[in-house]
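Visitor: Could you take me through one part of this protein up close? I'd like to look at a single sheet and how its strands are arranged.

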Amino acid sequence: MAILSQLLDPNEREVKRHLSVARAINALEPELKELDDPGLRARSDELRERARGGEDLDELLIEAFALCREAGRRTVGLRHFDVQLVGGIVLHQGKIAEMKTGEGKTLVASLALYLNALAGKGVHLVTVNDYLARRDAGWMAPIYHLLGMTVGVNVGSTATYVYDPEYVDETHPDPRLQHLRPASKKEAYAADITYATNSELAFDYLRDNMARDLEQCSQRDLNYGIVDEVDSILIDEARTPHIISGQSDESTDKYYQYARWAARLTEGEDYEVDLKHKSASLTETGIAKMERWTGIKNIYDLENVIEAHQINQALKAKALFLRDRDYLVKDAEVVIVDEFTGRTMPGRRWSDGLHQAVEAKEGVKVQQEQKTIATITVQNYFRQYEKLAGMTGTAVTEAEEFHKIYGLDVVVIPTHRPMVREDSSDVIYKTEKSKFDAVIDEIVEMNKLGRPVLVGTVSVEKSERLSKMLERRGVKHNVLNAKQHEREAAVVAEAGQPAAVTIATNMAGRGTDIVLGQGVTHVGGLHIIGTERHESRRIDNQLRGRAGRQGDPGSSRFFISLEDDLMKIFGPAAERIGRLMESLEVEPIEHPWVARSIASAQKKVEGMHFDARKHVVEYDDVMNKQRQIVYEERRKVLEGADARGNILGYVREIIQKGVDQHCQSRHAENWDLEGLVQYLSAYLPLAPGTQIPDEALTKGPDGLVEHLHAAASDAYDRK
């Protein structure tokens, strides 16, 4: 039966097809090994000429991949496995390659990037944060350099680089990053291959389309992009559009006043919280109090809509947005923490007055509300690429969304060595305290065995709480959360050493490789402890995936309490489990039924978020058509196109349409001239009631079009 399902599995068939191409790539290896470095470069230059001459990249794939593999072996000491070649083919075809953690996604991307860069139109590797963009570019750049390709890095307005082996920055502790020379954005984008963060790419696109001079534009046409951690960027970040804003001139005092009033309200009595939909609403008692304090007779009256909105934002800031979970207060500023990665997002602000409400709640300086100047959603930015691909360890759960919104199919790439990680069932406790006590006991037990432990937490606050508990037990450990961003690489490097204990928020889950220390494989490998289920199954799978890389042993277990946020959102299931615990008088409880209940709860939340993202796209699609037309016309003007001819061309189309609609009769006396003037006055400087001269009517509809167009041209020139 298993053999039959393998034969029928389209994923299996596709992988088999690509493995036969991998064999053809392997056949070229002995020949390329014989070449010296200049010989290898000459072969690469020859391929570039063929690609620029218009030859199909599919025809060049076998030789290009073989060259890239040989360059990898010589420069960074890494030779692509056959399954990595399969991953490269999938990326080149504009699909998503799902590859388990530790299978070398960074190296896989080099194959497709090199092949697609041959055409000279520029290719992008998109990452979730600037650390990964710089690290991967510095690490892979020697491969591209040997093959005659230039590499750029773009991770911020003051953080753009090009790879230059002649340049050495000895102050940088990571030797891979010592050859990144500071450069302009234009230089970074002009490189054959550019590594960048998703937000910087989208903001540069918006900035280019606000530029007043071509010299200020930096991006080339969006040709080919590979999105690393594709689910994080195209799904998790897709609920928030990228916005460039300017200051408005409204007073900020009102925010402090509303924050003081919100602080006096009590949950249950004055307001109710709906965690499932992330909303908070005043009860009748709360409304009465607010009306008394504000002096407003009816806060929900239409004329008080602005005040009602601000009261609601102050309430949300108090009830739903928690310090050290949703944001940090750093240098007297409120800095958002990304719920999916645990990383801080300096410079990002919540919209609609919410950020100001949080600032007022924390008593820091409230910055003025922003006016939106330009905006684009993640979805509409990435759908502009001529060809888009992605890679991640967790994509299959969102395959439907990738296909529906981006037209991307997911292909699961087999592992180089079989996966032997042991995933235990979830254990459920009644209270958060008993759960954390059990987590500490498990850490201490693993520590005695000499096994390294990685503990995943959902917030900065929880990671610090666990850290204090471990200190009391005398267990040496490292903490990796949004507050220790800079130490990330060093902490992760140590996380696989014998008896190492690392507490991490979600940030450790992305793009960081934990290599096991000596002797760790003999005692069972890395043990993963999840202290709470995330709303998304992918984030849980990402945490699990830190263990068991490339056939290493490892294990994972999630600890859950009935007080966790996810359990609160889906009350009935949690209540059933609570009643079961009470009737059986057992704690903890461990049962496959519990795991199924939690998985179905997560599926429901994922479905809700999918709908929210779909609505964001649908709203933006309407604006997107308009944005593309305006940006195209703007670009033409910057490029020196004849703006007069362009505009008068549109005017002629409008006049023609108006005449066709209102002057259908053969006889001019039957034409609806009043209707024509009214129609045209919406577009042209014509006052309603304007008379069209008789001589313009004697030459038929075409003559009327010419007369009106000539009049519009005169008006344009006078202006």
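Guide: Happy to, and keep in mind that this is a predicted model. Let's start on a strand pair inside the sheet: Gly152 sits across from Val162 of β4. The two strands involved are β3, covering residues 151–154, and β4, covering residues 160–163; they run antiparallel, with three bridges between them.

Now zoom out to the whole sheet. It is an open one built from nine strands, and reading across you get β5-β4-β3-β6-β2-β7-β14-β1-β15, with mixed pairing. At the edges are β5 (180–182) and β15 (410–412), each of which has a pairing partner on one side only. If you care about the twist, neighbouring strands here are turned against each other by 20° on average, ignoring direction.

In that order, β6 comes right after β3, and β6 spans residues 193–197, with Thr197 among them. Is Thr197 buried or exposed? It counts as buried because its relative accessible area is 6%, under the 20% cut-off. Leaving out residues up to four places away in sequence, Thr197 touches Val126, Thr127, Asn129, Asp130, Asn154 and Val155. One of those contacts, Asn154, belongs to the β3 stretch we began with.

For the wider setting, the domain assignment splits the chain into domain 1 (9–242 + 379–412), domain 2 (252–368), domain 3 (422–600) and domain 4 (643–718). By residue number, Thr197 falls in domain 1. Taken over C-alpha atoms, the centres of domain 1 and domain 4 are 53 Å apart.

Terms used. Residues numbered from 1 in each chain as written. Predicted model: local features only at pLDDT ≥ 70, side-chain atom pairs only at ≥ 80, totals over all residues. Heavy atoms only, no water. Pairing = 2+ DSSP bridges. Helix = DSSP H or I, 4+ residues; strand = E, 2+ residues; numbered from the N terminus. Axes fitted to C-alpha atoms, helices over the stretch in contact; angles between N-to-C directions. Domains from an automatic or database assignment. Buried < 20%, exposed > 50% of the residue type's maximum accessible area, 1.4 Å probe, protein only. Contact = heavy atoms within 4.5 Å.
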